[in-house]
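Reader: Hey, could you walk me through this model? I'd like to get a feel for the fold before I set anything up.

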Amino acid sequence: MSTLKEAFEKAKPKARIQYGEYSFVQFPSEYRIPDVIKNLPKVSAQKDQRNNERNSTSQFPQNCSGHSLDNGPLVQTFYINTQQKPTNPPTVEPQNYVDDNYDDFYDDSIDFSDSNNQSSTNSNNTLNITGSSDNNVSKEYNPIDDTIRHNNNISNNNISDDYHRFDDSTIEGECEDDIYDEEVTFLKSDAKEFANGHELLPQDKLQEMNKVLNEVFGYSSFKEGQKEAIIAGLLREDVFVLMPGGSGKSLCYQVPAVIDLGITVVVCPLKGVFEDEVAMLTKLGVPVQSLTCNIDKNRYSYFYEQVLSGEKKIKLLYVIPEIINGSENFQQFLLDIHEKGMLARFVVKDAQCISKFSHNFRTDCTGLNCLRDNFQNLKIPIMLLSSATTPKVVFDVISSLNIRSAKIFTSSFERSNIKYDVIHRTAKSQDTLLRKIKNIFPEGSGIFYCFSKKDCETLHNSLKDYGLTSVIYHCGMDDRSRREAQQKWMSNEVQVICGTTAFGIGVKKRDVRFVVHFCMPMNVESYYNESGLAGRDGLPSYSAILYSYLDSVREKKLIADNNNKYNLLSKDKPIRRSIQFYKVNQILWYCESIHECRRKFLLQYFGEKYDLDGCLRDSKTVCNSCEISINRVPRYKFFDFTTEAERILKTTIDYTLTMKQMSDCYRGRVVKKRNSDDVVQPVEIFGKGSRLTEEDANRFIIRLITDDYLKEDVKVIEDDNFTKITGYLALTSKGRKFLSSTERSKIHIYIEMKQVKRRKTTKYDLVPNDESF
């Protein structure tokens, strides 16, 4: 048997056919080469004026897809779930890479990059690209099956500077696809109005404020935004404090509570949070009490009597929302202490839970409008606090509690000492990342977030191979085990804690050097809070997401299941589901972004303007997107994919495909039926994106999902040996409007400018129990 080298030396190149500047292998007679030149679309002589490049968060998806769990048949072939087969299917023959007669060894690699040797031409068969950053010379670009336009001259900031304080739009009666609409809004802080405390408060009150800060709480100075918010509180203003975790929000109401006469009632949806605060305040000598549902009625009554008689004096009273809403006795208690002049103010921690638009809405918080409604004759000031939420949620909470004159105080959401990375999850990338962490932070403390309890345990067992000591933390453990695990990590007995999202609330460890998510987070808010546990001491730290597109499908299935469990009205379930799906798409957009600054995305998401150059100031913490963008040789360029998007959207009308199947079809991958040599009939888009890499094609399809032109109908495929969750693409109302409109918004995609090497010949089945994603 001859060796590969001998076979290669004896082999003779196949005859080739020249098409313009490209040459192709002469196919056998049974193959048909399409007339490329004839099928090329004509290009308008006038260059489209495009100025709608999407920056980090400048244009969020306009609507949230409403997803339904369909009970239709599962995908077997391309024609599954169709009302009728498409008329006049395309006649382009698929390339069968399994055929031994096909020799692609000498096939050309297509180079997306501009060539200085190419000359301009007015031919309809070439495409003008507004090229490099050095000059704007038109250069030839010969697409084989499609028209892709590139424009490097795109504006970097398209966000409106308008300031909308309230949004009273209703969501009733709308199509489920159109339920949620997130406008990009920048918040303006009212801190300047309260900056000069000497003009607003008596001198003795200012001195007492500084004394309490120093002697009671042990701080020598205020952090950004704290002093102004405290002054507004002492002036009995309604206040909304929006500051990231670790910025000292609690002092904004604790200092006024110690200074003012009367009781500050603190409503806290998270029991674990206020238990820690009560313990801390008790240790500092501040009179404080907490009430939960676990206390019997006799103890409640005794406590009420002690407070009303003046026998028990407290400064802060912590309660859960269920007591505010569900206890008539407590409502009467509030009225009684109000009549006696003993009620100072209301405080609502984690106020975003009130809004149905938030990432962690709670039905228990919807009745908190009674805090204003029951005390209208003599207004009791309300202070709201939130660590990470969008401007839309801020305005909705203010409107829900009827405190439209509330003063808003914010501090910067920038964590300049954290480096943000996003990495596609593979076995190799995970191994590389763990070795990198051990090398950079050999003794540093860190957090590894996992999707499930099983994932936590699997990762925990594997960390020993990397020299990383760890413990696990999840809701499946009893309280004692969780406390012991957290204590070992807090005391640096172990380096890493592997936890689900159950971990992190109330954690005050300042020397966390790295936080890694081993799956895509559920939303941007959760990611920002969890990643923000790193670097509280101000030293350089690291945050990374190891993600796969399938994470988003899995999370949407979890959302659908949870909404069925929660105590939601039937009319509210599709609303809540749409909002949560939309937030999954937002974090998916963040993960899929390859060019936009990650730091800018996060800050603008929370209503803060950000200078893009800020991320580049420190090479140690520059995000991985900005690292790519500063290369002298551009790695990605911007192309108009509007026509290609139309083709993809039309395909979903007649065919039921997953994202991966659509991407494979678009790239011209051969799909065969199981146990059959019959090739599934190719659709119109088959092979149109043959020059794209798999990553680029996937990112294009996902972009149509995150921009709400497509949605995913999440289904569970079960067999005796496995259960698989997948999402099938379907048009949204926005996608239908796009197809029916004559004037359409442009859809632009960044494409990697590198040569596409010879493709691997992999076959994919569309049979459910062997479906590839």
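What follows is a chat about the chain as a whole, then its two sheets and some of the helices around them.

Author: Sure. Bear in mind that this is a predicted model.

Reader: Noted. How many helices and strands does the chain have?

Author: There are 24 helices and 22 strands in the chain. Of its 773 residues, 53% count as buried.

Reader: And how much area does the chain expose?

Author: About 36200 Å², with carbon and sulfur atoms supplying 46% of that. On contacts: among those with a separation of 6 or more, 77% are between residues 24 or more positions apart.

Reader: OK, on to sheets. In what order do the seven strands of the open sheet come?

Author: The order is β8-β9-β7-β10-β11-β6-β12, with parallel pairing. β8 and β12 (407-410) are the edge strands, each pairing on one side only. From one strand to the next, the twist averages 20°.

Reader: Let's zoom in on β9. Which way do its side chains point?

Author: β9 covers residues 316-319: Leu316 and Tyr318 point one way, Leu317 and Val319 the other way, and all are buried. That fits the usual pattern, since side chains in a regular strand alternate between the two faces of the sheet.

Reader: How many bridges link β9 to β7, and how many link β9 to β8?

Author: Four bridges pair β9 with β7 (residues 263-267) in the parallel sense, and β8 (residues 288-291) also pairs parallel with β9 over four bridges. To pick out some residues, Val267 has Val319 as its bridge partner in β9, and Ser290 stands opposite Tyr318.

Reader: What about the other end, where β12 pairs with β6?

Author: β6 (residues 239-242) and β12 run parallel and are joined by four bridges. Val241 stands opposite Phe409 in β12.

Reader: Which strands does α8 lie across?

Author: α8 (residues 297-309) lies across β7, β8 and β9, and runs at about 150° to β8. There's also α10 (residues 328-339), which packs on the sheet and touches β7, β8, β9 and β10 (343-348), its direction making about 140° with that of β10.

Reader: Switching to the six-strand sheet. What's the strand order there?

Author: That open sheet goes β13-β18-β17-β14-β16-β15, and the pairing is parallel. β13 and β15 (470-473) stand at the edges with a single partner strand each, so one side of each has no neighbour in the sheet. Neighbouring strands are turned by 15° against each other on average, direction ignored.

Reader: Got a residue pair I can use to check the β14 and β16 register?

Author: Try Tyr449, which stands opposite Gly499 in β16. β14 and β16 (residues 496-499) pair in the parallel sense over four bridges. On that sheet you'll also find α16 (residues 524-531), touching β13, β14, β17 and β18, with its direction at about 150° to that of β17.

Reader: Now α13. Which of its residues are buried?

Author: Ser429, Leu433, Leu434 and Ile437. They sit on the same side of α13 because they cover an arc of only 135° around the axis. They pack against β13 (418-424), β14 (445-449), β17 (512-517) and β18 (541-547).

Reader: And which exposed residues are on the face turned away?

Author: Ala427, Lys428, Arg435 and Asn439.

Reader: What's the span of α13?

Author: α13 has 14 residues (427-440) and reaches 20 Å from first C-alpha to last, close to the 20 Å expected at 1.5 Å a residue.

Reader: Same thing for α14: which residues are buried there?

Author: In α14 (residues 453-462), they are Cys456, Leu459 and His460. Those buried residues line one face of the helix, because they fall within an arc of 105° seen down its axis. Their packing partners are α13, β14, β15 and β16.

Reader: Last one: Gln486. Where is it found, and which residues does Gln486 touch?

Author: Gln486 is in helix α15 (residues 479-490). Leaving out residues up to four places away in sequence, Gln486 touches Tyr473, Ile497, Phe503 and Val507. Gln486 is partly exposed, at a relative accessible area of 22%. From Gln486 to Val471 is 8.1 Å, C-alpha to C-alpha, with the two 15 residues apart in sequence.

Technical notes. Residues are numbered from 1 along each chain as its sequence is written. This is a predicted model: local features need pLDDT of at least 70, side-chain atom pairs count only at pLDDT 80 or more; totals for chains, interfaces and linings use all residues. Side-chain values use heavy atoms; hydrogens and water are left out. Helices (H or I, at least four residues) and strands (E, at least two) are DSSP runs, numbered from the N terminus. The expected span of a helix is 1.5 Å times one less than its number of residues. Buried means under 20% relative accessible area, exposed over 50%, partly exposed in between (1.4 Å probe, protein chains only). The arc is that of the directions from the helix axis to the C-beta atoms. Contact means heavy atoms within 4.5 Å. Two strands pair if DSSP finds at least two bridges between them. Axes are lines fitted to C-alpha atoms, for helices over the stretch in contact, and angles run from 0 to 180 degrees between N-to-C directions. Accessible areas come from the Shrake-Rupley method with a 1.4 Å probe; for residues, only the protein chains shown count as cover.
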